[in-house]
Amino acid sequence: MILVNARKLVVIGAGGHSHVVVEAAKVAGFELLGIIDINYKGKKEKILDVPVIGGITTLDKLDPKIVSVIVAFGESSIRAEHYLRAQKKGFPAPAVVHPNT
């Protein structure tokens, strides 16, 4: 699969760990398109100025040829579950490294 722009990123997870990932992704130069909240209730909100774009079914509306996905959960079993879901749909998962580490 060839990505048109590997720097376009959606974060799965809207808890505390997502804040760290969003901040690192911003500083690393990713274009954050939105955050998927697995407990989405339809409320309009933002995390660090990045919009929450919906629940996990939102992943079905995204094109893995255009968008990369990173899973941001502190709990490893939940992280693995959603990582595998994204991988099965063909989404690349880039490494997000804060440049000051």
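Select helix α2, residues 76-88, and put a distance marker between its end C-alpha atoms: in this predicted model the two atoms are 18 Å apart, which agrees with the 18 Å that 13 residues should span at 1.5 Å a residue. Move on past the end of the helix and pick Gly90, which comes just after α2 and takes a positive phi of about 90°.

Stay with α2 and select Arg79, which has its place in this helix. Is Arg79 buried, partly exposed or exposed? Its relative accessibility is 31%, and since the partly exposed class runs between 20% and 50%, Arg79 counts as partly exposed. Leaving aside residues up to four places away in sequence, Arg79 touches Val71, Phe73 and Gly74. A longer link can be drawn from Arg79 to Ile12, a residue 67 places away in sequence, with the two C-alpha atoms 9.0 Å apart in space.

Next, select Gly13, in the loop between β1 (8-12) and α1 (16-27). With a relative accessible area of 0%, Gly13 is buried. Show its neighbours, again not counting residues up to four places away in sequence, and Ser18, Ile35, Ile36, Ala72 and Phe73 come up as residues that Gly13 touches. Phe73 is thus a residue to keep displayed, as it is touched by Gly13 and also by Arg79. For a further distance, join the C-alpha atoms of Gly13 and Gly29, which are 16 residues apart in sequence and 20 Å apart in space.

From Gly13, go to Ile38, which lies 25 residues away along the chain, although the two C-alpha atoms are separated by 6.5 Å. Ile38 sits in the loop between β2 (31-36) and β3 (46-47), and a relative accessible area of 31% makes this residue partly exposed. Which residues does Ile38 touch, once those up to four places away in sequence are set aside? They are Ile12, Ile56, Phe73, Ile78 and His82. Phe73 appears here once more, and Ile12 is the residue that was joined to Arg79 by a C-alpha distance of 9.0 Å.

Keep Ile38 on display and add Thr58, 20 residues away along the chain, with a C-alpha separation of 9.7 Å between the two. Thr58 is found in the loop between β4 and β5 (68-71), and at 10% relative accessibility this residue counts as buried. Its contacts, apart from those with residues up to four places away in sequence, are with Ile36 and Ile53; Ile36 has already been met as a neighbour of Gly13.

Now select Leu48 and Asp49, which both belong to the loop between β3 and β4, as the placement of Leu48 and that of Asp49 show. What is the phi of Leu48? It is near 50°, a positive value in a residue other than glycine. Asp49 likewise has a positive phi, near 70°, and is also a residue other than glycine. The accessibility of the pair is worth colouring: Leu48 is partly exposed, with a relative accessible area of 35%, whereas Asp49 is exposed, with a relative accessible area of 65%.

Finally, zoom out to the whole chain and colour by secondary structure. There are 2 helices and 5 strands, and from the N terminus on they run β-α-β-β-β-β-α. The radius of gyration is 12 Å, close to the 13 Å that the globule rule gives for 101 residues, so the chain is as compact as a globular protein of that length. A box around the C-alpha atoms, taken along the principal axes, comes to roughly 35 × 30 × 25 Å.

With a surface displayed, the chain exposes about 5800 Å², of which carbon and sulfur atoms supply 54%. Buried residues, among them Gly13 and Thr58, make up 35% of the 101 residues. If contacts between residues at least 6 apart in sequence are drawn as lines, 62% of them join residues at least 24 apart. As a last selection, mark the charged groups: the mean positions of the 13 positive and 9 negative charges are 4 Å apart.

Definitions and conventions. Residues numbered from 1 in each chain as written. Predicted model: local features only at pLDDT ≥ 70, side-chain atom pairs only at ≥ 80, totals over all residues. Heavy atoms only, no water. Helix = DSSP H or I, 4+ residues; strand = E, 2+ residues; numbered from the N terminus. Rg over C-alpha atoms; globule rule 2.2 N^0.38 Å. Buried < 20%, exposed > 50% of the residue type's maximum accessible area, 1.4 Å probe, protein only. Contact = heavy atoms within 4.5 Å. Areas by Shrake-Rupley, 256 points an atom, 1.4 Å probe, with all protein chains shown as cover. Lys, Arg positive; Asp, Glu negative; His and termini not counted. Charge placed at Lys NZ, Arg CZ, Asp CG, Glu CD. Expected span 1.5 Å × (residues − 1).
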